[in-house]
Amino acid sequence: MLFLWQEQRQQEQQTTNPQAAEEAKAESIAAFSERVALVQELNAISDEIKELEERPETLRKFWAFKPYYDEYKSLSGRKQEKYKKAHGGTLSDYHELKKKLLEWYPSGHVPTAEKLNKRIANLNQQKAQKNARYKAVKLKADELSQAANEIEQYLRQEQSRDQQKKRRQNVLE
């Protein structure tokens with residue numbers, strides 16, 4: 001025989017605890033979804049940084065080789081051929097770099113190495129901010145997931161105890 005207040009307490013636990021578990025699950029899922037979105041953003045930023053990092057050096061090399069190409073173009077006939085034999089590797093490198101730059105910037109408008117470095121620094125800053133946000137969201141998601149698991153475990157234990165009490169009461173009756 002249960003007292004009235006014990007029955008009320010059991011009913012409250014059964015109605016509030018499952019809600020708490022569901023709320024914790026829902027918040028955990030929302031945090032996990034945010035975490036997934038942040039991972040995608042971090043990957044996109046990392047890919048862009050990786051792609052941009054080789055460009056400033058390529059630009060520097062291009063501008064270092066350009067005077068050789070300009071000198072070659074200013075010559076004609078045998079002098080040009082002689083210059084080409086003497087500086088063939090440099091001219092070949094220039095053409096490779098120019099081809100690469102045109103692939104990256106088909107319009108021909110090539111930013112300066114300084115602008116590229118500023119863009120990379122900006123992306124690294126964004127990455128650091130998003131990474132800090134990711135860590136906070138991951139911690140929250142892990143905590144919520146753990147809380148939901150603990151609540152569910154507690155509810156299973158309570159349900160098991162309630163079933164045992166009912167069996168005992170049925171046996172006693």
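These exercises work through one helix and several charged pairs in a predicted model.

Residues are numbered from 1 along each chain as its sequence is written. In this predicted model, local features need pLDDT of at least 70, side-chain atom pairs count only at pLDDT 80 or more, and totals for chains, interfaces and linings use all residues; side-chain values use heavy atoms, with hydrogens and water left out.

**Exercise 1. Compare the expected span of helix α2 with the distance between its end C-alpha atoms.**

Step 1. Helices (H or I, at least four residues) are DSSP runs, numbered from the N terminus. Helix α2 covers residues 55-74, 20 residues.

Step 2. The expected span is 1.5 Å times one less than the number of residues. For α2 that gives 28 Å.

Step 3. The end C-alpha atoms are 28 Å apart, which agrees.

**Exercise 2. Locate the bend in α2 and list its buried residues.**

Step 1. A bend is the angle between axes fitted to the seven residues ending at a residue and the seven starting there. α2 bends by about 30° at Phe-65. A proline, Pro-67, follows within four residues.

Step 2. Buried means under 20% relative accessible area, exposed over 50%, partly exposed in between (1.4 Å probe, protein chains only). Arg-55, Pro-56, Thr-58, Leu-59, Phe-62, Tyr-69 and Tyr-72 are buried in α2.

**Exercise 3. Which residue forms a salt bridge with Asp-70, and how are the two placed in α2?**

Step 1. A salt bridge is a side-chain nitrogen of Lys or Arg within 4 Å of a carboxyl oxygen of Asp or Glu. The count comes to ten.

Step 2. Asp-70 pairs with Lys-66, with the closest N and O atoms 3.0 Å apart.

Step 3. The two are four residues apart in helix α2, so about one helical turn separates them. An α-helix has 3.6 residues a turn, so residues three or four places apart point the same way.

Step 4. Asp-70 is partly exposed at 37%. Lys-66 is partly exposed at 22%.

**Exercise 4. Describe the salt bridges of Glu-48 and Arg-35.**

Step 1. Glu-48 bridges to Arg-119, with the closest N and O atoms 2.7 Å apart. Glu-48 lies in helix α1 and Arg-119 in helix α5, so the pair ties together parts 71 residues apart in sequence.

Step 2. Glu-48 is partly exposed at 30%, and Arg-119 is partly exposed at 34%.

Step 3. Arg-35 bridges to Asp-142, with the closest N and O atoms 3.8 Å apart. This pair links distant parts of the chain: Arg-35 is in helix α1 (residues 4-53) and Asp-142 in helix α5 (residues 113-172), 107 residues apart.

Step 4. Arg-35 is buried at 19%, whereas Asp-142 is partly exposed at 35%.
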